Amino acid sequence: MTPSGQEAEPSKSRQRRERERAETRTEILRAARELARAEGWEAVSMRRLADRIGYSTNYAYRYFKGRDDILLAFVKDGFARLADSMRSSGTSVQAAAAAYLDFALDEPDLYQVMYGLGGVHVPAAETVSEGDAVGAVMADALGITNPNDDRIARIWATAHGLAALHAIRKLPVDRAHLHRLLAASVDDLLRAPRQPEGDTR
């Protein structure tokens, strides 16, 4: 009998089912990313994924509600990994911004779906907390507590803009050049005098 206040440990059969479910979800996600890399995110569909991993479409629906659910899983994982990468890069604003840019360059297909680039759309309202985690890392690096501080948006927009322009080949420079542009922009921002709250000039 389980002592009062303690939950019974999951049975071995339940643990096995949960493990098998996690493994199947991982397999479906792996197939989705391989398909996206080969043909773009618009090619990802439940039918294509079921064919790719040798399951029926109905079977795939046991693990994801549909294509959008799969994309949402990638977005949430992507933002969590991005925040972790920035957090582990160091304590400076420059280091966090550089880690952001490196993530975007190293994971271009994942970054594309995270930000709805290339025609991919995931409802932003469903990933607010994950996006907020990235902003929180920038706030910590800046030593501020206001999540709506303009400096966060400006650094984020600069890093994202450089990554996006590079991705669509409107900024065909190498990684080192991109980092120099970002570092210079961050340095300019940190040197600029702060405007009073509410000043829109």
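**Exercise 1.** Is Asp77 buried, partly exposed or exposed, and what is the relative accessible area of Asp77?

*Solution.* A word on the model first: this is a predicted model, in which local features need pLDDT of at least 70, side-chain atom pairs count only at pLDDT 80 or more, and totals for chains, interfaces and linings use all residues. Residues are numbered from 1 along each chain as its sequence is written, and side-chain values use heavy atoms, with hydrogens and water left out.

Step 1. Recall the classes: buried means under 20% relative accessible area, exposed over 50%, and partly exposed in between (1.4 Å probe, protein chains only).

Step 2. Asp77 has a relative accessible area of 37% and is partly exposed.

Step 3. Now look at Arg81, which is partly exposed too, at 30%.

**Exercise 2.** Find the salt-bridge partner of Asp77 and place the pair in its helix.

*Solution.* Step 1. A salt bridge needs a side-chain nitrogen of Lys or Arg within 4 Å of a carboxyl oxygen of Asp or Glu.

Step 2. Asp77 meets Arg81 in such a bridge, at 3.7 Å from N to O.

Step 3. Both residues sit in helix α4 (residues 67-87), and because they are 4 residues apart, about one helical turn separates them. Helices here are DSSP runs (H or I, at least four residues; strands are E, at least two), numbered from the N terminus.

Step 4. Widen the view: Asp77 and Arg81 belong to a network of salt bridges that also links Arg33, Arg37, Glu107 and Asp109.

**Exercise 3.** Work out which helices are joined by the salt bridge between Arg175 and Asp102.

*Solution.* Step 1. The closest N and O atoms of Arg175 and Asp102 are 2.8 Å apart.

Step 2. Arg175 lies in helix α9 (residues 175-191) and Asp102 in helix α5 (residues 93-106), so this pair ties together parts that are 73 residues apart in sequence.

Step 3. Check accessibility: Arg175 is partly exposed at 36%, and Asp102 is partly exposed at 25%.

**Exercise 4.** Describe the salt bridge of Asp51.

*Solution.* Step 1. The partner is Arg47, with the closest N and O atoms 3.6 Å apart.

Step 2. The two residues are 4 residues apart in helix α2 (residues 46-53), so about one helical turn lies between them.

Step 3. Asp51 is exposed, with a relative accessible area of 52%.

Step 4. To finish, a search of the whole structure finds 16 salt bridges.
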